[in-house]
Amino acid sequence: MRSPSLYSQDDPISAAMKPPATESDAERAARLEAEAEAKRISEQIDEDLREERERMKKKKGDVKLLLLGQAESGKSTLQKQFQLMYKPSSLDQERASWTTVIYFNVVHSLKQILTTLEQWDDVLDDDIDMSPADAPSYSTSKARGNGFADQPSPSTSLMDSSNGPKGSPGGYSDGTGSTSHSASSRDAGAAQIANLRQKLAPLVAAESQLADRLSGGITVSGSGKGGVYVRSGWQARTIENALGKMKSRRPPATNEKKPRESQEAGIDPLVQEVGRLLELTEDDIHELWSHPTVKGMIAKRRLKLDEWSEFFLRHISRVASPDYVPTTDDILHARIQTMGVAEHIFDVNIHGKLVTWHLFDVGGARGQRHSWVPYFDDANAIIFVAPVSAFDQYLEEDPRVNRIDDSLQLFTQVCSNALLKSVHLVLFLNKTDLLRSKLDRGLKVRKYITSFGERSNDYETVVQYFRAHFLQVHRRNNENRRVLYTHFTSVVDTKATQRIIGNVRDSIFRGYLQSAALV
Ligand SMILES: Nc1nc2c(ncn2[C@@H]2O[C@H](COP(=O)(O)OP(=O)(O)OP(=O)(O)O)[C@@H](O)[C@H]2O)c(=O)[nH]1
Ligand SMILES: [Mg+2]
């Protein structure tokens, strides 16, 4: 008797998939073997998924660690450092999907530069006496997004959120120097920029498609500077999406230019195309990035590029090379906004004992913060990340609020939250590298935070001043007399951050042992 087949006689789909009537015995045996193998693989996948779901459930003895802080503070970057330390192979698996993010970061920055230049008619004219009515205003998010954000009046006291913009917008110079151009050199400069704009147009046009690819088409209102929000698991989805597009792609004609070698590796055709455009326009990007008008716009703070924009534009020859694969350092600098809460699981070896850590990386923008609270329940520890370099920056979500003020307000809410009162609390005063370079460039803290007063504008004084404010918030909201562990960090620095993570792990573990002893 023939062994039963998977194909039912009645079901129309099964009927359509029925083997041909002419099937030989050998063919049938091969088919049944393939079916059995497919079934075995499918069951194995189900089993893996069940195990993963089981692992995701926090068990007694697991550590639940939350990364909290405002948008752009460095939470996801810190999460990548945990991943590098405790699950490095998973970062390797995701490496390809970071190419999409980095290309998006580059293309988005180019668009930001070109749009800002356009708003100033492609010239850096120092002689124009701008009246406020003519000047672009920081007060709309559009203007900020286009790089016009000049600083609102300084925050008179930290944590006073009523310190909105009062100063006259535009025309601000922080004394970094400006050059007066003759009319002819000005026109020549504008003509060069117009030419570059034309050459870069196809690349810039790919921005929205790249954004769609990453977000899966979901737009989040208030995305501000035009960044992209992604949900947990976006890496795998980006790759799946890419593979889907690959399958539906026609085979290249024989006389077609051979695409980048990555094609064979199953890379998204869109990413391939952007890669090709980057390769073709590398010199133009160089020229734009080093153009005196662009440099002048940056010096005058008419153009405010984010740190990641500058990082990738500085490394453009590498990023635009045909065989580009993101390095770990590139992945640490890449920027993508977290939507909701993403859980990551690591097995952490603590002095010979393997403990499962559940790390929750949250979206820090104001519109995302409501999703944090369900995760407060049974949390063991929090790392609160506050970017101290942000003293001259204002919230994307509300340009009246200085970002240090926002961090302090958020920290107050965390310290005073009843659900978190026994949680082990760690504070990362982050982006110290950027703070150092801003101070070295001559940015004055008191211009943005008047309560800083006449203190010396050196790095040590500034970081201690900010630290004192966070400590004060903690002291005032510390019913349980818990300890606050503070670290000055630059979480893009792998060596230093991994040392600090080791330190944090040990201090969490001590608390964990103490609480376990009490149970
Ligand atoms: N130079 C420097 N860049 C940093 C540092 N920390 C983070 N960054 C960069 O800042 C950007 C924002 O960091 P993220 O980790 O994405 O910020 P986030 O807190 O997760 O932001 P949301 O997901 O929007 O809440 C990224 O481009 C990082 O590379 C730092 O210490 N120094
Ligand atoms: Mg994030």
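These exercises work through a helix, a sheet and a ligand shell in a predicted model.

Local features need pLDDT of at least 70, side-chain atom pairs count only at pLDDT 80 or more, and totals for chains, interfaces and linings use all residues. Residues are numbered from 1 along each chain as its sequence is written, while chains are lettered from A and ligands numbered from 1 in the order in which they are written.

**Exercise 1. Find where helix 9 bends, and list its buried residues.**

Step 1. Set the element. Helices (H or I, at least four residues) and strands (E, at least two) are DSSP runs, numbered from the N terminus. Helix 9 covers residues 269-289.

Step 2. Locate the bend. It is the angle between axes fitted to the seven residues ending at a residue and the seven starting there. At Thr281, helix 9 bends by about 65°.

Step 3. Apply the burial test. Buried means 20 or more other C-beta atoms within 10 Å of the residue's own; exposed means 12 or fewer; partly exposed lies in between; C-beta atoms are placed from the backbone. Val271, Val274, Gly275, Leu278, Thr281, Ile285 and Leu288 are the buried residues of helix 9.

**Exercise 2. Lay out the six-stranded sheet and identify its edges.**

Step 1. Write the order. The open sheet runs 4-5-1-6-7-8, with mixed pairing. Two strands pair if DSSP finds at least two bridges between them.

Step 2. Find the edges. Strand 4 (341-350) and strand 8 (484-488) each have a single partner strand, so one side of each lacks a neighbour in the sheet.

Step 3. Inspect one pair. Strands 4 and 5 (residues 353-362) run antiparallel and are joined by 10 bridges. Ala342 stands opposite Asp361 in strand 5.

**Exercise 3. Place Arg335 and Ile336, then describe the shell around ligand 1.**

Step 1. Locate both residues. Arg335 is in the loop between helix 13 (328-333) and strand 3 (337-338). Ile336 is in the loop between helix 13 and strand 3.

Step 2. Check burial. Arg335 is buried, with 21 other C-beta atoms within 10 Å. Ile336 is buried with 20.

Step 3. List contacts (C-beta atoms, placed from the backbone, within 7 Å). Leaving aside neighbours within four places in sequence, Arg335 contacts Asn105, Gly227, Asp306 and Trp308. On that basis, Ile336 touches Val101, Leu214, Val228 and Val230.

Step 4. Turn to the ligand. A residue is near a molecule if its C-beta atom, placed from the backbone, lies within 6 Å of it. Ligand 1 is surrounded by 25 residues, the closest being Gly74, Ser76, Arg335, Thr338 and Gly364. Helix 3 gives the most to this shell, with three residues.

Notes
Two residues are in contact if their C-beta atoms, placed from the backbone, lie within 7 Å.
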